[in-house]
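Below is a brisk report on one protein chain with a bound metal. Please read it with the structure open.

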Amino acid sequence: MTSKIIIDTDPGVDDSLTFLLALASPEIRLEALTSVHGNIGIENTTRNALAVLELAHASHIPVARGCELPLIDRAYTSGKNVHGKQGVGNAQLPEPKSKVINQHAIDFLIEKVNAEPNQISIVPIGPLTNIALAIRKDVQFAKNIKELVIMGGAIKQGGNATPLAEFNIFADPHAAHVVFHSGIPIKLIPLDVTYQCLFMAEDVERINQIKSPIAKFIKDATSVYMDFYKSEGIDGCALHDPLTLATIIAPDLLRFEEYHVDVDMSGGVSNGNTFADFMNVSKKPANMQVAMQVRGRDFIELFIERMETLCKNISF
Ligand code: BDR
Ligand code: CA
């Protein structure tokens, strides 16, 4: 049975690769994208969502524009140094012809989820602002979502936005707090596992054996992203967001542990830090499953194979 999914996203290089993976995966049916602020401003994240779908001949998939700002305050600066000036590295995508739907992402999410109770999984791969506001706007929404598969947090690993916080959670810790305590079934995919999934220059070259605008996009988009990781001493780049989607496509790649996870929103040095109660000190029941182990290279191989298939299947 195919899973119906909506990706809530702030594209971003690895977000864009996630859409391509979704389109190449028969296990899932991509129902829509909803955009949010994050890696870059909402104008660019929304434009990139439309442009990448257009590149992959998938403009029939609706895109709803979401929130421009986090719930409370903006502690972070943009991810331009990570994802390039417009969010897609060095890729030059034409201005999309398709337009966003005429409904805010929050209302769209509520309507879709409530129309098909327990059928839709949402995959948030950016800050959690849209999801938190949908939870607050309509109490049925949280009851009707099948599950949330969230890219975010750093459990035993250090952060990437600050030494203690991962970017998506740091970009809106208050939204993460609402989501983590909503009672929705959650799978969290933190940096602990995403940093095990490194996409290398030779992987990019392998995909580019096939002459396709999609292969070229992957190369151009990841070059800036790889430069950033080089500055962190890492050869290759971490596919955080595609791995998160792969949790639905190939669940056997990951091992989960159940924890009570909370988020620091003190505004201090650990703002946005996600902490798991390993010792059950709080005696609070687990509120999510956290991915703590992954077969990283197997995931990268799956990703490469799916990209090769996509490149071969779309004629230009
Ligand atoms: C997350 O931050 C963003 O830069 C990536 O797209 C990913 O969603 C990793 O911390
Ligand atoms: Ca992202």
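Eight strands build an open sheet of mixed pairing, in the order β3-β2-β1-β4-β5-β6-β12-β9. Its edge strands are β3 (63–64) and β9 (254–259), each paired on one side only. Strands here are DSSP runs of E with at least two residues, helices are runs of H or I with at least four residues, and both are numbered from the N terminus. Two strands pair if DSSP finds at least two bridges between them.

The model is predicted, so local features need pLDDT of at least 70 and side-chain atom pairs count only at pLDDT 80 or more, while totals for chains, interfaces and linings use all residues. Residues are numbered from 1 along each chain as its sequence is written, chains are lettered from A and ligands numbered from 1 in the order in which they are written, and side-chain values use heavy atoms, with hydrogens and water left out.

**Strand β4 and its neighbours**

Strand β4 (120–124) has a partner on either side in the sheet order, β1 and β5. With strand β1 (residues 3–9), β4 pairs in the parallel sense over five bridges. Here I5 stands opposite S121, and I6 stands opposite I122. Strand β5 (residues 147–151) also runs parallel to β4, joined by two bridges. There I122 faces L148 across the pairing.

Five of the five residues in β4 are buried. Buried means under 20% relative accessible area, exposed means over 50%, and partly exposed lies in between, all with a 1.4 Å probe and protein chains only. In a regular strand, side chains alternate between the two faces of the sheet. Both faces of β4 are covered: I120, I122 and P124 are buried on one side, S121 and V123 on the other.

**The calcium site**

Which protein atoms bind the calcium ion (ligand 2) as donors? They are D10 (OD), D15 (OD), D15 (OD), I125 (O) and D241 (OD), at 2.2 to 2.7 Å from the ion. Donors are N, O and S atoms within 2.8 Å of the metal, or 3.2 Å for Na, K and Ca; water is not among the atoms, so sites may look incomplete. Along the chain, the donor spacing reads D-x4-D-x109-I-x115-D. I125 lies in the loop between β4 and α5 (129–137), and D241 lies in helix α12 (residues 240–249), 116 residues apart. I125 and D241 are both buried.

**Helix packing**

Helix α2 packs on the sheet, touching β2 (28–35) and β3, and its direction makes about 150° with that of β2. Contact means heavy atoms within 4.5 Å. Axes are lines fitted to C-alpha atoms, for helices over the stretch in contact, and angles run from 0 to 180 degrees between N-to-C directions.

Helix α1 (residues 13–23) also meets helix α2 (residues 42–55): their axes come within 10 Å and cross at roughly 40°. The crossing is right-handed, a label given if the near helix is turned clockwise from the far one by less than a right angle. From α1, the contact uses S16, F19, L20 and L23; from α2, A49, V52 and L53.

Helix α8 (residues 173–180) is mostly covered, with seven of its eight residues buried. Among them are P173, H174, V178 and F180.

**Individual residues**

The table places four residues and gives their relative accessible areas.

| Residue | Place | Relative accessible area |
|---|---|---|
| G12 | loop between β1 and α1 | 0%, buried |
| D203 | helix α10 (residues 201–207) | 3%, buried |
| H57 | loop between α2 and β3 | 46%, partly exposed |
| K283 | loop between β11 (274–276) and β12 (288–294) | 68%, exposed |

A cis peptide bond joins P11 and G12, with omega about -5°. Not counting residues up to four places away in sequence, G12 touches N39, N48, H83 and G87. G12 and A142 are 130 residues apart in sequence and 27 Å apart in space, C-alpha to C-alpha.

With the same exclusion of residues up to four places away in sequence, D203 touches L198, R297, I300 and I304.

Two backbone angles deserve a look. H57 is not a glycine, yet has a positive phi near 55°. K283 is likewise not a glycine, and has a positive phi of about 60°.
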